[in-house]
Amino acid sequence: MKEDLVLPAARGAAADAPPEPLLEVSGLVKHFPVKGGFPVKRTVGAVQAVDGLDLTVHAGESFGLVGESGCGKSTTGRLITRLLEPTGGTITYRGRDISHATRRQLAPIRSEIQMIFQDPYSSLNPRQTVGKIISGPMEINDIDPEGGREKRVRELLEIVGLNPEHYNRFPHEFSGGQRQRIGVARALALEPKLIVADEPVSALDVSIQAQVVNLLQKVQRELGIAFVFIAHDLAIVRHFSQRVAVMYLGKIIEVGDRDSIYARPRHPYTHALLSAVPEVTLAPDEAPRRERIRLAGDVPSPISPPSGCRFRTRCWKAQDRCATEEPPLVRLSGNRDGHLTACHFPEEPSTGARAEDIVLDPALTALEGERTD
Amino acid sequence: MVQFIIRRTVGAFVTLFLIGAATFFLFVAAPSDYASLACGKDCSPQRLADIREALGLDLPLARQFWDFMSGIVTGRDFPTGHCSAPCLGVSFYSGDMVWSTIMDRFPLTLTLTAGGAVVFLLVGIGAGMIAAYRRGTLVDKVATGASMVLSSFQIYFLGPVVLTILVYSTGWMEDPKYVPLTRDPVGWFIGMSIPVCVLATIFTAQYTRMARSSMIEQLAEDHVRTARAKGMSRRYVFLRYAWRGSLIPIVTILGIDVSSMLGGAVVTELTFSLQGIGRLAVDGAVNKDLPLTMGVMLFGAFFILLINILTDITYAWIDPRIRLS
Amino acid sequence: MTTVTKAEGAPAPTGPGGFLSVRDLQVTFSTEDGPVRAVDGLSFDVDRGRTLGIVGESGSGKSVTNLTVLGLHDPLFTTVDGEIVLDGKELITATEKELEKLRGNRVAMIFQDPLTALSPFYTIGRQIAEPYMKHTGASKKAAWERAVEMLGKVGIPHPAERARDYPHQFSGGMRQRAMIAMALVCDPDLLIADEPTTALDVTVQAQILDLLKDLQREFGTAIVFITHDLGVIADMADDIMVMYAGRAVERGTVDEVLRAPRHPYTWGLLNSMPRLDSDLATPLSPIPGTPPSLLTPPSGCRFHPRCAFRDRVGGGRCVTESPAPAPGHRFSACHLGAAQQRTIFADEIRPRLG
């Protein structure tokens, strides 16, 4: 593949000078109203999907957003791309406040921020040819690339590893992985500066996931496109993202560079999350184990999240203070620059095995207690 | 659930009021003169004015509307006599009270609807269920084939065929006619059996196909497979797990069918020369008899709303997810 | 209650005599486009108290195999050949009545999505009590008490009240616990778990996996655990069978298959999956191409169109000749010689895994 084919000047992420923030989000809030009541239906509450979120994405950087269902990571993605209108807070893209921008105001920016969706089956129009799907964004934005749209589409197909001859085929003629490549090509059509990828590989088979991850990585590095990579798979996020934010119930509870989050996490939830990932260990049995933390129950409802620290209801370190005072997202002593944690009683920065496992699940304690007695 | 029913009932009354208002203003405020219609060909100005006054058409529109709506609730007085609640006015054409005309015709329509529904539900759903249970066997193929053929028939074709066979050529049965159930139950049954059965046959075919496909869909559900994996017998799973889920689409269509039939089964009534609500609606339209047309329309709307509420209550009874949310 | 200690890494007994023994299983679906051989010549054993993990991607035949064990396939479109023997009893030829007595009683199943796998129409308690009444003849009241007891065992708080709830009133993790309670209510000898944690969040998945392991120790149940996730299988299984396009390609203990894998497809899976401790400088090496259509499966070894090592086998045998399933516990369906496999893994695959 010829890298110089279509590339805008690659903005290499120079490590020395801190790069200009591409996207800045501050105090972002999205509440979805809950209807109910009697005799007249009215708004009786709100799903607090995103509730006060700050983050910064630099040009050319890949930023990972992890968390479990209901943590608000997908909503955040849709807010950034302005598919949703925020309830509060600001989204600033290249110095321009786009939080409540109208369609018309957004038009010039739309081409710069693109989205890749999870389901490659439902996100492509089955009645359009691949050529039509990929050139769609160019048509809408009235962009005529040099050499014509068709030539550009063929280039894009080649970039994403598809045969340019398949220009006139329909989505159902492609496998899941190939469809996701079509989705990537469509996102690239307008030479975006930021791509929000919402669970881009989780619907794919294991052997196909790696193909798409590698493609995204190539696109990110070679075209210098910034990514917000939203996923629940911690290993894939680690592989893809230079900086990672962990979300829980609508808030970022910890954010930092990849190494800080995965090797030196401080928030108990980050510890629990990492400990829960089932892993193939290639090393022999005697190698040092990872810590074992088993939480109790599921994530509480985002309609009535716990007061104070939202994780406190499942946290083994929670004290009275956690219920009354919301911990700010700050740099703790010992944390690296840019590693912020929202916790009153942070953990040691290590994921190694502890002297005693933390098992909060009552069924597990009962069954395992029986055995040790 | 009680809250839900109350809310829906209140909503239904508001809707009825709006429908009443809409029909009233569409017909009464339309730029054609009803008095001259009622007056006929040799109409003198004096007679026209009398008619206007008698029909209340000389009053302001708002007053006319108020009289019409309050008449439904409290009854109203016409120069020709008192019209007790629910008063839908007086027919221009016959001079009869609209409400009592509707009430005269309604038992026939109700018989046709209820009788038809009982037959097509029992036979249709039964046949559909058996076809689904014995999917792929001869029974299934016969049921599917027969319902295909029958559902492509129309009442105005099947009706005369049946009449020719059973009445005109053999004389086995008499022409269909309506005898009130309270007066002569046997006569009521015999008199209405041909129209009810012909109507039901066509619906049965549709319900067989619907029940079968709905059931097959349910049998492919994960929870049905789970029940089988627990060791529950095929019959038990069929009757306890799959059947319940398959009812939802059937109830939806049943609600639509029954409410439209209660508003008048025009084709059936015409085919068998019966005098039901459907015939009344046609007469009203043909004769430009506005009070009658409005009355029949409101009456039909009432049933659509009522059955809508009943359908929702049935959903809740079938599916606890609806009940508890 | 029997306590079965896991013999870590010890090879399973070979030959016939497994509690569940499947021999040369063939499952064919008739579809509009023609017959599809979803499972082709599969053999495996599961012993009491042990866990067999079956790994494979979509279309590998892993779920079909296990529906067939319980006779839950659609007989109208499916033909099954071979042998499925459960504790000495042949299941393929068994009558529907005989299978009903086994299902939910001696062999139970857990499915992937607990929301759709539980009936929305009945309470959780009733759905758990139902098979208990059927299989033990217990009274309604005794069965209900048993259901409440099981709910407590799997960690549902306030089980007596929650038993009266409907599935949609439970959270995802709680539903899967209820599903486990339902599967274990008759104390089965074999539990088939088909992707039981795929629909769950990672912290909940960890709870459920540990719960299954703890319950297995307590009840001595044999488990067949189906998943696409190698990490989950590493955590759960004693033995692993890797499936590809309807066939078993590799079999062995967890240690053997994950730490000394011999089949190129297993290498491919390990190479394409990032781990929390993998070296970030090494890019993932995906398996090229896509899984084959079972309508027109590739000739010879079904993996050969995607295999990077087929040229190292002489005479184009990969294309023409299907590698014969070898007897014995440890097995790799590949034309590469055992020594060659070991060298390739040590020299070319292992270093890339970091």
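What percentage of the 354 residues in chain C is made up of buried residues? The figure is 59%, and the legends below, which describe a predicted model, take up chain C, then chain A, and then the cysteines.

**View 1. Chain C, its fold and its extent.** The secondary structure of chain C consists of 13 helices and 11 strands. Its radius of gyration is 21 Å, close to the 20 Å that the globule rule gives for 354 residues, so chain C is as compact as a globular protein of that length. Measured out along the principal axes, its C-alpha trace spans about 70 × 45 × 40 Å. When contacts in chain C between residues at least 6 apart in sequence are considered, 66% of them join residues at least 24 apart.

**View 2. The surface and charges of chain C.** The accessible surface of chain C amounts to about 13100 Å², and carbon and sulfur atoms contribute 54% of that area. The chain carries 37 positive and 43 negative side chains, the centres of these two sets lying 1 Å apart.

**View 3. Chain A, its fold and its extent.** In chain A the secondary structure comes to 11 helices and 14 strands. The radius of gyration of chain A is 22 Å, close to the 21 Å expected from the globule rule for 373 residues, so this chain is as compact as a globular protein of that length. The C-alpha trace of chain A spans about 75 × 65 × 45 Å along its principal axes, and 54% of its 373 residues are buried. Of the contacts in chain A with a separation of 6 or more, 65% are accounted for by residues 24 or more positions apart.

**View 4. The surface and charges of chain A.** Chain A has an accessible surface of about 16200 Å², with 50% of it belonging to carbon and sulfur atoms. There are 46 positive and 48 negative charges in chain A, and their mean positions are 5 Å apart.

**View 5. Helix H4 of chain A and what covers it.** Helix H4 of chain A runs over residues 149-159, and its buried residues are Arg152(A), Val153(A), Glu155(A), Leu156(A), Leu157(A) and Ile159(A). The cover over the buried residues of H4(A) includes three helices of chain A, namely H3 (130-140), H5 (176-188) and H6 (206-223). After H4(A) comes Gly161(A), which has a positive phi, near 85°.

**View 6. The disulfide of chain B.** Cys83(B) and Cys87(B) form a disulfide in which the sulfur atoms are 2.1 Å apart, and the count over all chains comes to one disulfide. The link between Cys83(B) and Cys87(B) is right-handed, with 115° about the S-S bond. Both Cys83(B) and Cys87(B) are buried.

**View 7. Two cysteines of chain A without a bond between them.** Cys309(A) takes part in no disulfide, and the nearest cysteine sulfur, which belongs to Cys322(A), is 5.8 Å away. Seen from Cys322(A), the closest cysteine sulfur is that of Cys309(A), and the separation of 5.8 Å is too far for a bond, because a disulfide requires sulfur atoms within 2.5 Å. Cys309(A) is buried, with a relative accessible area of 11%, and Cys322(A) is likewise buried, with a relative accessible area of 6%.

Definitions and conventions. Residues are numbered from 1 along each chain as its sequence is written. Chains are lettered from A and ligands numbered from 1 in the order in which they are written. This is a predicted model: local features need pLDDT of at least 70, side-chain atom pairs count only at pLDDT 80 or more; totals for chains, interfaces and linings use all residues. Side-chain values use heavy atoms; hydrogens and water are left out. Buried means under 20% relative accessible area, exposed over 50%, partly exposed in between (1.4 Å probe, protein chains only). Helices (H or I, at least four residues) and strands (E, at least two) are DSSP runs, numbered from the N terminus. The radius of gyration is taken over C-alpha atoms; the globule rule is 2.2 Å times the number of residues to the power 0.38. Contact means heavy atoms within 4.5 Å. Accessible areas come from the Shrake-Rupley method with a 1.4 Å probe; for residues, only the protein chains shown count as cover. Lys and Arg count as positive and Asp and Glu as negative; His and the chain ends are not counted. The place of a charge is taken as NZ of Lys, CZ of Arg, CG of Asp or CD of Glu.
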